[in-house]
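I opened this entry to record what I looked up in the model, beginning with the overall fold and ending with one helix.

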Amino acid sequence: MGARVKDDIGRGGAPAFGSSRGALRDLLAWRRDVRRFQTRPLEAGLLGDLLGVASLAPSVGLSQPWRFAHVRSAEGRAMVRQNFSKANQAALAGYEGERALAYAGLKLAGLDDAPVQLAVFVEENPAQGAGLGRLTMPQTLAYSAVIAIHTLWLAARVEGVGLGWVSIFDPAALTEALRVPSDWRFVAYLCLGYPLEDSDTPELERSGWERRRETMLIER
């Protein structure tokens, strides 16, 4: 690896980010999948700012295929909650013994308290990008949406906002109930709000469900 740029300005006029290295590591360490939220609303305009940062995420062919649906109505949220409850019971039935008891004790969603809830979709064949880079791997559209979610996640953490990714749903039923365009495919349901507590350790690790491991690397 070449010498690191130490000046305030890097090549081509871009900032030199070396001094931000520690802050970035701290941000990644303290970014958590939040499940317990305060009910107070986000500051005015903050959601729009966060979605603006999410739009800076890389995407295949610069297609920006992510689509957000802001679920605000009591009717919409009740439908989401019902969908989750049904799927969660089915998931619980897949565990036995101590694992079943541990699963039942987990708080897996912030659907009751999170002030902002976003359903994230990917448009399956967006005109933007003209198909570049996805002919042989169309799943890169969904990958792009996930990168946008992670970008949103980090931006939220900087603002003191927690984000929880809820994945226990019937995707087809949820998509139909939210009445989005037929070529949008469900990717994630996000809860955003100010967390009840902060930690640099995942809640699932604190509860004993799982522990973080080193990244696997193989040589070929």
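For the count of elements I took helices (H or I, at least four residues) and strands (E, at least two) as DSSP runs, numbered from the N terminus. The model is a predicted one.

Entry 1, secondary structure. I counted seven helices and four strands in the chain. Reading along the sequence, I noted the order α-α-β-α-α-β-α-β-α-β-α.

Entry 2, extent and contacts. I looked up the span of the C-alpha trace along its principal axes and found about 55 × 50 × 40 Å. I then took the contacts between residues at least 6 apart in sequence; 80% of these join residues at least 24 apart.

Entry 3, burial and surface. The chain has 220 residues, and I found that 40% of them count as buried. The exposed area of the chain came to about 13800 Å², of which carbon and sulfur atoms supply 53%.

Entry 4, charges. I located 26 positive and 25 negative charges in the chain, and their mean positions lie 3 Å apart.

Entry 5, helix α2. Which residues of helix α2 (residues 46-54) are buried? I listed Leu46, Leu47, Leu50 and Ala54. Viewed down the axis of α2, these buried residues fall within an arc of 100°, so they line one face of the helix. I next asked what covers the buried residues of α2. The cover includes the strands β1 (66-70), β2 (116-123) and β4 (184-193), and I also noted helix α5 (140-158) as part of it.

Definitions and conventions: Residues are numbered from 1 along each chain as its sequence is written. This is a predicted model: local features need pLDDT of at least 70, side-chain atom pairs count only at pLDDT 80 or more; totals for chains, interfaces and linings use all residues. Side-chain values use heavy atoms; hydrogens and water are left out. Buried means under 20% relative accessible area, exposed over 50%, partly exposed in between (1.4 Å probe, protein chains only). The arc is that of the directions from the helix axis to the C-beta atoms. Contact means heavy atoms within 4.5 Å. Accessible areas come from the Shrake-Rupley method with a 1.4 Å probe; for residues, only the protein chains shown count as cover. Lys and Arg count as positive and Asp and Glu as negative; His and the chain ends are not counted. The place of a charge is taken as NZ of Lys, CZ of Arg, CG of Asp or CD of Glu.
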